Structures are given as C-alpha cells and as structure tokens.
Amino acid sequence: DYIDPAFAPEPFNDFYRQSLYHGYIALTSRRLEFLRQRYADMNPDLRLLAAKVLEQENEIVAKFHAVFAKRIGSWRTRYHGRLHLGHLLVTAGDVVIFDFEGDPHQHLSERRIKRCPLRDVASMLISFGYAAQAVLRQILAAEGSDASLRNTLRSWGRFWYSHVTASFVRGYWNTAAGARYLPLSQADQQTLFDSYLLERALMDVRADIEDKPELSGMPLRIILHLLDAESERKIGE
C-alpha cells in the first residue's frame, strides 16, 4: 500500500538523537537567558523558582544528555504537536482530538518534523498540571490566600495531579503496548519521556511569563521536579 512520505514513520536513529540533543541545549540556553533578562521584574514567588532553575543549568543539560548517551529504540511519526485539555471534546462516552496544526510558537517547517508520539503524552501531563493550578488559584482568590490554606490546597492539588496523570499514563501505556515507537525497556521509555517533559516545560517558560504570568510558575516547578522531586516539593513551605 502507498504511504505518503510526509506521513511515513522514520527511525529514531543516531543522527536524529544528535540533532535532538543539540536542539535541547539551544532551547535551554535561550530560556535561561530569558529568565535572566526578566528576573528583576518577577514577583518574589516566581523569582525564587527562577533562581533555583538558573542554578541548575548543568543538571538540565545532564538530563537531556541521557537521550544522546544511549541508543533508544523508537520511531518518529507525524503527531499532534500541542496536545492539551483544550484540544479534546468529550461526548457520548468518546473523546475527539482536534486542532492538529501544532505549536503556534513554532515555524511551520519545524512543526512538520516527525517525532516520537510520547511528546504528546508529555504535553498532556503538563496540561493536567495547568488545570490543577488554575482551580487552586480560583479557590484562593475566593477564600483568601493565607499560608495555611495555600499549603493545604497545594497538597490536595499534588494528590489530584499524581493520581490523574498516573491513570492517564497507565491507560496510554496499556493501549500503546507493542507500538513500534514505544521503547522496549522501561528505562528507555522513562529517559525519552523525561526529556519531552523537560522540553515542554522549557518551551512554556517564555510563553507563560509573556502571556499568562499568573500560571508561569508551573513550568518552572516541573523543571525542578524532574531534576529533584523532593527538593521541589519543599519550595514555598
């Protein structure tokens, strides 16, 4: 059967891994420079998170290097490119995904690059985080923002997020089991998945600070969580 080359799967080969890694390093450099430029204008809570991210540039690079350091068995395909809760319609017990134009912040030629579909999974997990944060902010705005209430809501928000994302990932992994793009080993799956989560968070740093500053702490916390989950949980306590 004929397959349009624009949609034909391509191997996740050494050349692509090298290109992916260098792209990650360039993205890291741009976003950290952006944080330095905006640092003085941030509110104290956001400045605290930004400072901790800036301190861990080497750790971010090391996290990305894991993709380059080892061959990962996977395939690249066309994928959604900006999957989040706002691109889902739930009706009659089914879910419809729409708006496949990709990330509007990227050039069209970059959106056409084939990638592992796990990148969409990472994007969806971050969307769950934004949903939780938006609700918590609404409650705090209505009830007050004293430290005790803020810490209680943060704990419940983490509880909800951890269970929702675990359920989503478990369902996805069960459905995608055996797919060519899914790495065979759990370690390789985690390495690739972590790199996509970290990439998505770095990409969101600039857009959030410029367009929705009330949610701009979310990608910074994701970055810190991927580097050291326990330390990130203690920030702001």
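# Pockets, a cavity and the packing of α8

Trainee: What is the volume of the largest pocket?

Mentor: About 1600 Å³. This is a predicted model: local features need pLDDT of at least 70, side-chain atom pairs count only at pLDDT 80 or more, and totals for chains, interfaces and linings use all residues. Residues are numbered from 1 along each chain as its sequence is written, and side-chain values use heavy atoms, without hydrogens and water.

Trainee: What makes a set of points a pocket, and what makes it a cavity?

Mentor: Take a 1 Å grid over the protein atoms alone: a pocket is an open set with protein on both sides within 12 Å along at least five of seven lines, while a cavity is a set of points where a 1.4 Å probe fits but cannot get out. Grid points are joined across faces, edges and corners, and the volume is the space filled by probe spheres set on the points.

Trainee: Which residues are closest to the centre of the largest pocket?

Mentor: Gln133, Arg158, Met218, Arg221 and Glu232, out of 45 lining residues. Lining means having an atom within 4 Å of a point. Two or more residues each come from α2 (44–55), α5 (118–143), α6 (147–176), α7, α8 and α9 (229–234). The largest share, 11 residues, comes from α6. These helix numbers follow DSSP runs (H or I, at least four residues), counted from the N terminus.

Trainee: How does the lining of the largest pocket divide by class?

Mentor: Into 21 nonpolar, 14 polar and 10 charged residues. Nonpolar covers Ala, Val, Leu, Ile, Met, Phe, Trp, Tyr, Cys and Pro; charged covers Asp, Glu, Lys and Arg; the others, Gly among them, are polar.

Trainee: Which residues lie nearest the centre of the second largest pocket?

Mentor: Asp103, Gln106, Arg119, Arg200 and Met203, among 34 lining residues. Its volume is about 750 Å³. α7 gives the most to this lining, with nine residues. By class, the lining has 12 nonpolar, seven polar and 15 charged residues.

Trainee: How many cavities of 30 Å³ or more are there?

Mentor: One. The space in the largest cavity is about 60 Å³. Its lining is Tyr79, Gly81, Arg82, Leu83, Arg119, Asp120, Ser123, Tyr196, Glu199, Arg200 and Met203. α7 supplies the most, with four residues.

Trainee: What class make-up does the lining of the largest cavity have?

Mentor: Four nonpolar, two polar and five charged residues. Gly81 and Ser123 are the polar pair.

Trainee: Why are α7 and α8 called roughly antiparallel?

Mentor: Start with the angle. Helix α7 (residues 186–211) and helix α8 (residues 217–227) pack at about 150°, with axes 8 Å apart. Axes are lines fitted to C-alpha atoms over the stretch in contact, and angles run from 0 to 180 degrees between N-to-C directions. Under 35 degrees is roughly parallel, over 145 roughly antiparallel, 65 to 115 roughly perpendicular, and the rest oblique. About 150° is over 145, so α7 and α8 are roughly antiparallel.

Trainee: Which residues of α7 meet α8?

Mentor: Asp194, Leu197, Leu198, Ala201, Leu202, Asp204, Val205 and Asp208, facing Pro219, Leu220, Ile222, Ile223 and Leu226 in α8. Contact means heavy atoms within 4.5 Å. The classes are 10 nonpolar, no polar and three charged. The three Asp residues are the charged ones.

Trainee: Why are α5 and α8 called oblique?

Mentor: Their angle is about 125°, with axes 10 Å apart. That value falls in none of the three named ranges, so the pair is oblique.

Trainee: Which way does α5 cross α8, left-handed or right-handed?

Mentor: Right-handed. In such a crossing the near helix is turned clockwise from the far one by less than a right angle; anticlockwise is left-handed. Ile126, Gly129, Tyr130 and Gln133 of α5 contact Met218, Pro219 and Ile222 of α8.

Trainee: What makes α3 roughly perpendicular to α8?

Mentor: The axes of helix α3 (residues 57–69) and α8 cross at roughly 70° and come within 10 Å. That angle lies inside the perpendicular range, so the label holds. The crossing of α3 with α8 is left-handed. Glu59, Ile60 and Lys63 in α3 meet Ile223, Leu226 and Leu227 in α8. By class, that contact has four nonpolar, no polar and two charged residues.
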